Amino acid sequence: MTTVLGIETSCDETSAAIVRGANGGARLDSLVILSQDVHRIFGGVVPELASRAHLTAIVPVVERALADAATTLDGVSAVAVTYAPGLVGALLVGVSYAKALAFARGIPLVAVHHLEGHLFAQSLEHEDAVPPFTALLVSGGHTLLVDVEEWGSYHVLGRTRDDAAGEAFDKVGKLLDLPYPGGPHLERLAREGDPTRERFARPMLKKGQRPGDDDYYDVSFSGLKTAVRRARDAAGDELPSHRADLARGFQDALIETLVEKTARAALAFKRDRIVLGGGVACNRALSDAMRSRAAEFGAQVFAPSPRLATDNAAMIARAGLFRLERGDVAGLDLNAYATRDLPGVVPFGPSALRPSDP
Ligand code: KG4
Ligand code: ZN
């Protein structure tokens, strides 16, 4: 039985977790997530403050994760840490701490790509959320559509050309005077909105798009954000009574684009499982819409619970266990990177261009 301590400090959550595993299976024994509330005052993450808050929190957060799993450092067989992508100063806190632990205890250090972590999150809750599947990762920093043939083998099909889905929620939240981060507030407001009053064009979703077109899987949300701003400005005195309709119109447009692009990918690769990840996967309207679309072609949708959808160290420990079992151990010269390609990306094969059911 391998016991992995996972550490995640890529943005504004200081998190540590213990995952135990053997023979391909894994069990989450503890997860501690400390969210840095300080950024709410500024309406966005302030990198310098994030790094300092990680420094203050990292030791007690790790100690708490060990205690919750009824273990100590003596029981840890490897330490897995997010090394990219993210805020470099924030990442370096986790990376330096993990390196020190690995060196002091003489245990392997495993470098985990944050987005590979998100791909693994759901498997900690559902034993069926394993490859092959279509993955939609939607967070504040990323929007990625990936075909996961097997762990470690990823076809990146589509990505955002501008704002990430969560970023779009947060920016539109700001336009509608909602607190930061806007996503959950906007989802709540949208429930009160009339879906027929504000219909925005579905971004990057056109009839006649064909597999192989570079906009077939990609998304873009900045035009939608501008459309919401124009509609907000045009509302004038009616804005207070119209905010919910704007929120609903925005959310419906964004969700329809994400759902259709994900369905295209699942159909093209004949996948009957769709795994959602990232903070926006907390959005019930998104998971409900994805479920009803997927039911049309017999696919099952897995959406993680909020603690595992948003940034957390459990997914880093789980992905770390996979990397460790493959022998992917990092050296003590490991660095942190703001951007880095997902490891295990495989190039497009002809099957990516030829959907079975257009
Ligand atoms: O994965 P995450 O915790 O951090 C990043 O890696 O970015 O995602 C945070 C993002 C924020 O943009 C937040 O507004 C969004 O996830 N979010 C939501 C919801 N809950 C969180 N967006 C839409 N609906 C939600 N219910
Ligand atoms: Zn994330």
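**Notebook: two sheets, two cores, two domains**

I began with the first sheet, an open one of five strands in the order 3-2-1-4-5 with mixed pairing. I took strands as DSSP runs of E of at least two residues and helices as runs of H or I of at least four, numbered from the N terminus. I counted two strands as paired if DSSP finds at least two bridges between them.

I note that this is a predicted model, in which local features need pLDDT of at least 70 and side-chain atom pairs count only at pLDDT 80 or more, while totals for chains, interfaces and linings use all residues. Residues are numbered from 1 along each chain as its sequence is written, chains are lettered from A and ligands numbered from 1 in the order in which they are written, and side-chain values use heavy atoms, with hydrogens and water left out.

**First sheet**

I looked up the edges of this sheet and found strand 3 (25-35) and strand 5 (109-113), each pairing on one side only. From one strand to the next, the twist averages 25°. Angles run from 0 to 180 degrees between N-to-C directions, with axes fitted as lines to C-alpha atoms, for helices over the stretch in contact.

I then followed strand 2 (residues 13-22), which runs antiparallel to strand 3 and is joined to strand 3 by ten bridges. A22 has G25 of strand 3 as its bridge partner. Helix 3 (residues 114-121) lies across strand 1 (2-8), strand 4 (78-84) and strand 5, at about 85° to strand 5.

**Second sheet**

I found another open sheet of five strands, in the order 8-7-6-9-10, again with mixed pairing. Strand 8 (153-159) and strand 10 (300-302) each have a single partner strand, so one side of each has no neighbour in the sheet. Ignoring direction, neighbouring strands are turned by 20° against each other on average. Strands 9 and 10 run parallel and are joined by three bridges; R273 is paired with Q300 of strand 10.

Helix 7 packs on this sheet, touching strand 6, strand 7 (143-150), strand 8 and strand 9, and its direction makes about 155° with that of strand 6.

**Cores**

I defined a nonpolar core as a set of buried Ala, Val, Leu, Ile, Met, Phe, Trp, Tyr and Cys residues joined through side-chain atoms within 4.5 Å. Buried means under 20% relative accessible area, exposed over 50%, and partly exposed in between, with a 1.4 Å probe and protein chains only.

The largest core has 45 residues, and F250, L254 and L258 have the most contacts inside it. Helix 7 gives the largest share, twelve residues. A second, separate core of 36 residues includes V112, F120, V148 and Y154.

I listed the contacts of F250 (heavy atoms within 4.5 Å). Beyond four places in sequence, the partners of F250 include F169, V172 and L186.

I next examined L186, which lies in helix 5. L186 counts as buried because its relative accessibility is 0%. Outside four places in sequence, its contacts include G173, L176, A247 and Q251. L186 and L246 stand 60 residues apart in sequence and 9.7 Å apart in space, C-alpha to C-alpha.

**Domains**

I recorded domain 1 (2-119 + 309-325) and domain 2 (128-303) from the domain assignment, the bounds being those of an automatic or database assignment. Their centres, taken over C-alpha atoms, are 28 Å apart. In the contact list, 14 residues of domain 1 meet 17 residues of domain 2. About 1300 Å² is buried between the two domains, 70% of it from carbon and sulfur atoms; this is the accessible area (1.4 Å probe) that two parts lose on being put together, summed over both.
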